[in-house]
Amino acid sequence: MTGTIVVGAQWGDEGKGKVTDILAKNNELTVRFQGGNNAGHTIKVGEEEYKFHLMPSGVLYNNPVAIAQGVVLNPKVLIGEIESVKKTGLDLDLHIDPRTQIIMPWHIELDIAREKAREEESVGKNKLKIGTTSRGIGPCYEDRKNRSGIRFHDLLDKDSLEGKIKNNLGIKRKLLGLYGYETGLKESEVLEEYLEFGNKLKEHNSDVSSLVNLYLNYNRNVLFEGAQGIGLDNDFGTYPYCTSSNVLASAVFPCVGLPIQEMDVVGVTKAYTTKVGPGPFPAEMDEGFAEIIREKGNEYGTTTGRPRRVGWLDLVQLNSGSALNGYKSLAITKLDVLADMEKIKVCTAYEHPTNGKIGWFPSEASQAFECRPVLREMEGFSGEEIKRAKTYSELPSGVKSFIELIEDHIKTEIKMVSTGPRREETIYK
Ligand code: GDP
Ligand code: IMO
Ligand code: MG
């Protein structure tokens, strides 16, 4: 087994950055394979906190890292992250696939204009606004599919870029006009800016598909870092309240350009659930509990700063996600945040007004909105005891019962238990 895929088992922000950083120690290459700078991955090493939106979280070990073509790339954001990584004294060996789609300024304008239009056109209960991160992710993926996208290799070829900017801006100006939005973008300025981005990034141009295939063929360990979480998958998430890429573990193969093969899949879940933005959230807590957890766990978006909605751990979501992702193991984070409550709850099933008790996440958002959680109450556990524990056996019995309940339900072992944001606040089973 040489490939390991880290994916979010909820609606994102589960702690994938921390888990990726830990696993990266025993991998020779870390690859981001989908999403863009809608993602925000945090790593805490000692007192130092790193927040990466595009840079693979394995970068802190001086090993090569790669951005595969399945990512939508905002070059300005990546250049900022490259500079900050270099400042820390690390030797950066970053590979960017030439096929990677570039987020252009009109994608961001379109994202904002569309969300505004969706809000204006919402009627009654039919809320259309997705609550995107306004980073141009959706419009960039759309252009990839409709074949008008600008790819990384275009930034390295002035003639090609000039033609594509001219063409795209002409069309986008009309499109934005339909939304009542007048763009101030000028061809010559966009060209100059993006040629400069290309100039700064050209040394990283590298066929990531060939590179990763080579590593895997030589049995070298490769780590694939997912963004978002299964509830945000473009097809299997709570559509339309989701992102615009496939976040499934199996998306690694087309996103990187690999033949299908056996890989280890690590699903990352918090000890409770959070979600940014609107959409169904059956296990959502009462605001009283949610507020306590939000403050204690600093549940505010890494990318947008928005307060996250908070719910109890949702075994229905974990189970449905397991079927889609094929988790070989789970990593559970933020147990310390759930600690020190007298009683905690876990959602073991949903109650639907017409379908009765269900153990599966509904395929339609309208049905998921109607689901009520079936909650099982458990004894709480002490935060102090969690912090003191260095091994699995030293964890308080309440934590072990909680973990066993999840393992029984999902039929998957929890191999990593995170009790704080730092590397050393991690227990392996
Ligand atoms: P990601 O998007 O899945 O990488 O997660 P984010 O970085 O957006 O959000 C997770 C947050 O929780 C970050 O601030 C992490 O530093 C923090 N974190 C990760 N694991 C733990 C943990 O076990 N306990 C606490 N208190 N914080 C954690
Ligand atoms: P990480 O990788 C949490 C959410 C947005 C919004 C929806 C669509 O840090 O877990 P988009 O900008 O992608 O079109 O927004 O998806 N979203 C995330 N929520 N964590 C993320 O990434 C997210 N990436 C997108 O809040 O509801
Ligand atoms: Mg995040």
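Trainee: A polar contact is a pair of N or O atoms within 3.5 Å, right, so which ligand 1 atom does the backbone of G17 meet?

Mentor: An oxygen atom, with a backbone N or O atom of G17 2.8 Å away. Keep in mind that this is a predicted model, where local features need pLDDT of at least 70, side-chain atom pairs count only at pLDDT 80 or more, and totals for chains, interfaces and linings use all residues. Residues are numbered from 1 along each chain as written, chains are lettered from A and ligands numbered from 1 in written order, and side-chain values use heavy atoms, without hydrogens and water.

Trainee: What about G15 and ligand 1?

Mentor: A polar backbone atom of G15 is 2.8 Å from an oxygen atom of the ligand.

Trainee: And which kind of ligand 1 atom does the D336 side chain face?

Mentor: A nitrogen atom, 2.8 Å from a polar side-chain atom of D336. As for cover, ligand 1 taken alone exposes 580 Å² (Shrake-Rupley, 1.4 Å probe), and the protein buries 91% of that.

Trainee: How many residues surround ligand 1?

Mentor: 19, each with a heavy atom within 4 Å. K16, G17, T42, D336 and S418 are the closest.

Trainee: Which elements give two or more residues to that shell?

Mentor: Helices α1 (16–24) and α11 (335–338), plus strand β3 (41–45); these are DSSP runs, at least four residues for a helix and two for a strand. The largest share, 3 residues, comes from α1.

Trainee: New topic: what classes of residue make up the shell around ligand 1?

Mentor: There are 10 polar residues, 7 charged and 2 nonpolar, with Gly counted as polar and Asp, Glu, Lys and Arg as charged.

Notes: Polar contact = N/O pair within 3.5 Å; in protein donor to acceptor, adjacent residues only side chain to side chain.
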